[in-house]
Structure formats: structure tokens, C-alpha cells
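The report below covers salt bridges, the strand arrangement and an annotated set of residues. The sequence and structure come before the details.

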Amino acid sequence: MAEKVCRHCMRVLEGQNCPICGTSDLAEEWSGLVIILDPERSEIAKKLGVDIPDKFALKVR
């Protein structure tokens, strides 16, 4: 199964619904990948507005 991205929180996931947002508005076309391990200490996580460790897309089409 191809990875999809939630259009709302930009989380990379497999499945039909985002477990964070609960939405089914997912995109198959996306680019850029950032993996956040420690969102409390990550400057990138702060700039992206991320507060959970996970994989996130940088751009969703």
C-alpha cells in the first residue's frame, strides 16, 4: 500500500483515515519528508507546528 499524507496535519500514513485529525482527506502526491523524533527539542517541529513524533510531508499537492 502506498503512503498517503493527511492534507490537514501533513502526517505521512498508511490507511484511509488520519488517526490524529480523523479526516479521510488524504493526498497521494506529496514531496519532502521530515521525521520528528523529539518534538519538544526540535526547532523544525516548532516551525512546522508539530507536537508528536512521527513522519511528516513538507509539501502536499
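## Salt bridges, sheet and annotated cysteines

The side chains of K4 and E28 form a salt bridge, with an N to O distance of 3.8 Å. This is a predicted model. K4 belongs to strand β1 (residues 4–6), whereas E28 sits in the loop between β3 and β4 (30–36), so the pair ties together parts that are 24 residues apart in sequence. The two partners differ in exposure class: K4 is buried, at a relative accessible area of 14%, while E28 is exposed, at 59% relative accessibility. The cut-offs behind these classes are under 20% for buried and over 50% for exposed, with partly exposed in between.

The count of salt bridges comes to 6. Among them are the pair above, a bridge between D25 and R7, and one between R11 and D54. The table gives their distances and the accessibility of each partner.

| Pair | N to O distance | Relative accessibility of each residue |
|---|---|---|
| K4 and E28 | 3.8 Å | K4 14%, E28 59% |
| D25 and R7 | 3.2 Å | D25 32%, R7 39% |
| R11 and D54 | 2.3 Å | R11 15%, D54 19% |

The side chains of D25 and R7 meet at 3.2 Å, N to O. This pair links distant parts of the chain, with D25 in the loop between β2 and β3 and R7 in the loop between β1 and β2, 18 residues apart. D25 is partly exposed because its relative accessible area is 32%, and R7 is also partly exposed, at 39%.

In the bridge between R11 and D54, the closest N and O atoms are 2.3 Å apart. R11 lies in the loop between β1 and β2 and D54 in strand β5 (residues 54–60), so this bridge ties together parts that are 43 residues apart in sequence. R11 counts as buried because its relative accessibility is 15%. D54 is buried too, at 19%, where the limit for that class is under 20%.

### Sheet

Strand β1, which holds K4, takes part in an open sheet of 3 strands with the order β2-β1-β3 and antiparallel pairing. The edge strands are β2 and β3, each pairing on one side only. Between β1 and β2, which run antiparallel, there are 2 bridges. V5 stands opposite V12 in β2.

### Annotated residues

Which residues does UniProt list for "binding site"? The unreviewed entry gives C6, C9, C18 and C21. They are spread over 16 residues of sequence but cluster in space, with a largest C-alpha distance of 8.7 Å. Of these residues, C9 is included in the lining of the largest pocket.

Is C18 buried or exposed? C18 is buried because its relative accessible area is 3%. C18 lies in the loop between β2 (12–13) and β3 (26–27). Leaving aside residues up to four places away in sequence, C18 touches C6, C9, L13 and T23. Its contacts therefore include C6 and C9, both of which are in the UniProt list, and C18 is buried at 3%.

C21 is also located in the loop between β2 and β3. With a relative accessible area of 38%, C21 is partly exposed. With residues up to four places away in sequence again left out, the contacts of C21 are C6, H8 and C9.

Note on methods
Residues are numbered from 1 along each chain as its sequence is written. This is a predicted model: local features need pLDDT of at least 70, side-chain atom pairs count only at pLDDT 80 or more; totals for chains, interfaces and linings use all residues. Side-chain values use heavy atoms; hydrogens and water are left out. UniProt positions are given in the numbering used here, feature names are shortened, and annotations may be inferred rather than shown by experiment. On a 1 Å grid over the protein atoms alone, a cavity is a set of points where a 1.4 Å probe fits but cannot get out, and a pocket is an open set with protein on both sides within 12 Å along at least five of seven lines; lining residues have an atom within 4 Å of a point. Helices (H or I, at least four residues) and strands (E, at least two) are DSSP runs, numbered from the N terminus. Buried means under 20% relative accessible area, exposed over 50%, partly exposed in between (1.4 Å probe, protein chains only). Contact means heavy atoms within 4.5 Å. A salt bridge is a side-chain nitrogen of Lys or Arg within 4 Å of a carboxyl oxygen of Asp or Glu. Two strands pair if DSSP finds at least two bridges between them.
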